[in-house]
Amino acid sequence: MLERFGPRINAIAADRFELAREEALKADQLVAAAPGREAELPPLLGVPFTVKETIALEGMPLSGGVPSRRAITAPESAPAVQRLVDAGAIALGVTNVSELTLWI
């Protein structure tokens, strides 16, 4: 849905859909390789999420809606985002906080 309607609603400032698909395949493989229901899998394995562009997601824009920061990308993820990733969640991209992405 984000890919289909994203350009129209302008909610996603920058996506990482291809990487997310790769991570989802790895999550599927991890589930398939699990020995049974009692297997220890990450608690959020495969759960998709987005992050506002005011919060760092490694390699993604980190403008915070400020035009002079539009070329800045996050060198690493914020701790809260990293905790989600470490728990198996899959980042789809960063979402807008302003109309800044119209200029990017």
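**Entry 1: the outward side of α2**

I started on helix α2, on the side where Glu18, Leu25, Lys26, Gln29, Ala32 and Ala33 are exposed. A note to self before going on: I am looking at a predicted model.

Which residues of α2 are buried? I found Phe17, Ala20 and Ala27. Looking down the axis of α2, I see these buried residues inside an arc of 70°, so they line one face of the helix. The exposed set I began with sits on the other side.

I then checked the span of α2. The helix runs over residues 17-33. From first C-alpha to last, its 17 residues reach 24 Å, close to the 24 Å expected at 1.5 Å a residue.

**Entry 2: salt bridges**

How many salt bridges are there? I get two.

I took Glu18 with Arg21 to begin with. Their side chains meet at 2.9 Å, N to O. Both belong to helix α2, and being three residues apart they are separated by about one helical turn. The general rule I jotted beside this: an α-helix has 3.6 residues a turn, so residues three or four places apart point the same way. Glu18 is exposed, at 54% relative accessible area. Arg21 comes out as partly exposed, at 37%.

Then I went to Arg16 and Glu23. The N to O distance in this salt bridge is 2.7 Å. Is Arg16 buried or exposed? I have Arg16 down as buried, because its relative accessibility is 13% and the cut-off for buried is under 20%. Glu23 is partly exposed, with 29%.

**Entry 3: a nonpolar patch**

Still on α2, I looked up Leu30, which has its place in that helix. Its relative accessible area is 40%, so I call Leu30 partly exposed. Which residues form a nonpolar patch on the surface with Leu30? They are Val31 and Leu41. I noted about 220 Å² of accessible area for the three together.

**Entry 4: stepping back to the fold**

I should have written this down earlier. I count three helices and three strands. Along the sequence the order is α-β-α-β-α-β.

Some totals for the protein, while I was at it. Of its 104 residues, 33% are buried. The accessible surface comes to about 6900 Å², and carbon and sulfur atoms hold 58% of it. What share of the contacts with a separation of 6 or more comes from residues 24 or more positions apart? My note says 68%.

**Entry 5: strand β2**

I wanted examples of contacts between residues well separated in sequence, and went to β2, residues 48-52.

Val51 is in this strand. Its relative accessibility is 4%, so Val51 counts as buried. Leaving out residues up to four places away in sequence, Val51 touches Val81, Gly93, Val94 and Thr95. I checked the spacing to Val81: 30 residues apart in sequence, and 7.9 Å apart in space from C-alpha to C-alpha.

Pro48 is also found in β2. With the same sequence neighbours left out, I see Pro48 touching Ile90 and Leu92. I also took the C-alpha separation of Pro48 and Ala24, which is 9.0 Å for residues 24 apart along the chain.

**Entry 6: Thr95, from the other end**

Val51 had led me to Thr95, and I followed that up. Thr95 lies in strand β3, residues 90-95. Is Thr95 buried or exposed? It is buried, with a relative accessible area of 12%.

What does Thr95 touch, not counting residues up to four places away in sequence? I listed Ala11, Ile12 and Ala13 among its contacts, along with Thr50, Val51, Lys52 and Glu53. Of these, I already have Val51 down as part of β2.

**Entry 7: a buried serine in a loop**

The last stop was Ser63. I located Ser63 in the loop between β2 and α3, the latter being residues 79-86. At 1% relative accessibility, Ser63 counts as buried. I finished with its C-alpha distance to Thr73, 10 residues apart from Ser63 along the chain, and got 7.7 Å.

Definitions and conventions: Residues are numbered from 1 along each chain as its sequence is written. This is a predicted model: local features need pLDDT of at least 70, side-chain atom pairs count only at pLDDT 80 or more; totals for chains, interfaces and linings use all residues. Side-chain values use heavy atoms; hydrogens and water are left out. Helices (H or I, at least four residues) and strands (E, at least two) are DSSP runs, numbered from the N terminus. Buried means under 20% relative accessible area, exposed over 50%, partly exposed in between (1.4 Å probe, protein chains only). Contact means heavy atoms within 4.5 Å. Accessible areas come from the Shrake-Rupley method with a 1.4 Å probe; for residues, only the protein chains shown count as cover. Patches are made of residues with over 30% relative accessible area and no salt bridge: like charges are joined within 9 Å, nonpolar side chains (Val, Leu, Ile, Met, Phe, Trp, Tyr) within 5 Å. A salt bridge is a side-chain nitrogen of Lys or Arg within 4 Å of a carboxyl oxygen of Asp or Glu. The expected span of a helix is 1.5 Å times one less than its number of residues. The arc is that of the directions from the helix axis to the C-beta atoms.
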